[in-house]
Amino acid sequence: MMKNIILMCAGLLYSVYCFSQGATKVTIHIPQADSASLQARIFIEDPLQPINNGFFKDTMEIRGGQCQFLFDIKNTSLMTLFINNKYITMPGLYSVLIEPNDSLVFDLPPINEAGFFGFGIAKVDVSGKGREKINLTKNIINSYVKLSKADPEYQKQSLTYKYEAADRKLHVIDSLYRSELHVSSHIKDLVKAQLYGNVLQMLFRSSKRSENDSLRMLFDKYIVKKNRMEVFLKKDVVQYGGILGSYLILSEFKNPVKVNGEFFQKEHSLEYAEILVRRLNTFPEIRDYLLSAHLITTILKGFDSTTTKLYHYYLDKADFDNPNFNNVVNTYEETERKFAVGKPFYDFHLPDSTGKIYSLKDFKGKVLLFDFWFNGCSGCKTMVPVLEQIEKELSGKNVQFVSIGIDKRQTWLAGIGKYSCSNSLQLYTNEQTDNHPMIKYLNIYGYPRLIIVDKKGNISAAPFDPRISKKQFIEQIESLL
């Protein structure tokens, strides 16, 4: 009996020891005047967890010039840090890598040195356990930024120049990647994938918009023949860099602009899935991950007959034992239950800036356009001018525009007019941020998110993206009047 008790106690102590060893620590130091109010936020995404499930976030007041976050992660994750809504490592990268058991210290300059986006990775000193990978990232970025100083403004560069400049930056990444001896091979691959994505994202976007006859030659010369996508085809790497889909579109079409390549994935969701299956058939894990991500993104943006066709295609082509299969099925079934055309919309009760509470019944007989957003959302910012134009065109008609912010009150108020239309009815989630029951019920992960509700308070078909087709978007609303 005593032996069993001793063994049980030893097991408990070992469990406690293992858990304590799993704690990951992030400390922030920043000069702070007594009167300064500083708030730090952390956002962690574990790309190896099921899609849209591996998140951790926290907010802390900075006191005496420092604060500390403690949390547990299972895998190498992407970490984004903010001080008063200013990114700590952007310009540079929005997110940096963090591993289980890291104990990182970020030393920052004063808040008044933060630029439009944030402090910038070049101004941040990183120390502590796990610093090597972040400092490798920082060194690479600093090295290729030096190359960029002589570049013309990006919009004024020819397509040839853009490819040549990207090639020089990728060469710097490769060189420092090979010379680094203190970071594991897999973590170096993740750093490389992140930085490749950082360099190639704008290039691929420009390529999908380009009508230049030299596009195919440049793409083949600098990307295909140099095997630039090789790192993304390694195990558990593609989840950390989001450019493989753009690469496949550019590989598929000689003139991507003719199929509206920039928005091909949104406008032709089933055809895009077919490209993934055809071109990644020899990489089933990567194929299924990208298929799953594509399907979940499509489902969460709205629900229509195309979504159903895409779902059945997924069931036919994806391996049922891939890590996201159940996630996809559950997301589809739950969204179908809530978002099928004609289903009643969520009966919300949300305050405006004066504290007045609005609910769905207050808008009976009106067509509603809901715009979900947050302060700092780049996509939300690009949506604002288009929605403002649409509001003017539909002025006097029986349409109510409702913007719902998910930030806390002061951050929400500061974002109105920048990240949401100032003329819309402004509501917010009453200090519950994205933990509000409405946000959880609607499964809103990506922003901006637009939802149209008919005059009876029922869900309408998933709206067109007005940034792509304002005319179709307006026609869809007018059809409900």
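**Exercise 1. Find how many cavities of 30 Å³ or more the whole structure holds, and describe the lining of the largest cavity.**

Solution. Begin with the search itself: across the whole of this predicted model, two cavities of 30 Å³ or more are found. Next, take the largest cavity, whose space comes to about 60 Å³. Its lining is made up of 13 residues, and those closest to its centre are Gly302, Phe339, Ile451, Ser460 and Ala462. Then ask which element gives the most to this lining: the answer is strand β15, residues 449-453, with four residues. Finally, sort the lining of the largest cavity by character, which yields nine nonpolar residues, two polar and two charged.

**Exercise 2. Work out which residues line the second largest cavity, and which strand gives the most to that lining.**

Solution. The volume of the second largest cavity is about 30 Å³. Around this space stand Leu369, Asp371, Leu387, Phe401, Val402, Ser403, Cys421 and Ser424. To see where the lining comes from, look at the strands: β12 (367-373) and β13 (399-405) each supply at least two of its residues, and β13 gives the most, with three. By character, the lining of the second largest cavity divides into five nonpolar residues, two polar and one charged.

**Exercise 3. Describe the second largest pocket by its volume and by the residues of its lining.**

Solution. The volume comes first, and the second largest pocket holds about 370 Å³ of space. Its lining consists of 22 residues, and nearest the centre lie Asp236, Gln239, Glu285, Tyr289 and Pro323. When the lining of the second largest pocket is sorted by character, 10 residues are nonpolar, five are polar and seven are charged.

**Exercise 4. Decide whether Asp189 and Leu276 are buried or exposed, and list what each one touches beyond its neighbours in sequence.**

Solution. Start with Asp189, which is placed in helix α4, residues 185-209. Its relative accessible area is 7%, and because a value under 20% counts as buried, Asp189 belongs to the buried residues. Once residues up to four places away in sequence are set aside, Asp189 touches Tyr177, Val231, Lys234 and Val237.

Turn now to Leu276, found in helix α8, residues 269-279. Here the relative accessible area is 0%, so Leu276 is buried by the same cut-off of 20%. Leaving out neighbours within four places in sequence, the contacts of Leu276 are Leu248, Asn281, Arg287, Leu290 and Leu291. As a last step, compare sequence and space for one pair: Leu276 and Lys343 stand 67 residues apart in sequence, and their C-alpha atoms are 32 Å apart.

**Exercise 5. Locate the cis peptide bonds that join Met90 to Pro91 and Tyr447 to Pro448, and state omega for each.**

Solution. For the bond that joins Met90 and Pro91, omega is about 10 degrees, and Pro91 lies in the loop between β6 (86-87) and β7 (96-98). For the bond that joins Tyr447 and Pro448, omega is about 0 degrees, while Pro448 is found in the loop between α14 (437-442) and β15.

**Exercise 6. For Asn260 and Glu431, give phi, the place in the chain and the degree of exposure.**

Solution. Asn260 has phi near 55 degrees, a positive value in a residue other than glycine, and its place is in the loop between α6 (244-252) and α7 (264-267). With a relative accessibility of 29%, Asn260 counts as partly exposed, because this class takes in values between 20% and 50%.

Glu431 also has a positive phi, near 70 degrees, and is likewise a residue other than glycine. Glu431 lies in the loop between β14 (425-428) and α14. Its relative accessible area is 37%, so Glu431 too is partly exposed.

**Exercise 7. Count the aromatic pairs, name the members of the cluster that includes Tyr358, and find the rings over which Arg41 and Lys338 sit.**

Solution. The count of aromatic pairs comes to 20. Phe345, Phe348, Tyr358, Phe363, Phe370 and Phe372 together form one aromatic cluster. For the charges, the charged end of Arg41 sits over the ring of Phe82, 4.4 Å from the ring centre, and the charged end of Lys338 sits over the ring of Tyr441, 4.2 Å from the centre of that ring.

How values were computed:
Residues numbered from 1 in each chain as written. Predicted model: local features only at pLDDT ≥ 70, side-chain atom pairs only at ≥ 80, totals over all residues. Heavy atoms only, no water. Phe/Tyr/Trp six-rings, centres within 6.5 Å; stacked < 30°, edge-to-face > 60°. Lys NZ or Arg CZ within 6 Å of the ring centre and 35° of its normal. 1 Å grid on protein atoms, 1.4 Å probe; cavity = no way out; pocket = protein on both sides within 12 Å on 5 of 7 lines; lining within 4 Å. Points joined across faces, edges and corners; volume = space filled by probe spheres on them. Nonpolar A, V, L, I, M, F, W, Y, C, P; charged D, E, K, R; others polar. Buried < 20%, exposed > 50% of the residue type's maximum accessible area, 1.4 Å probe, protein only. Contact = heavy atoms within 4.5 Å.
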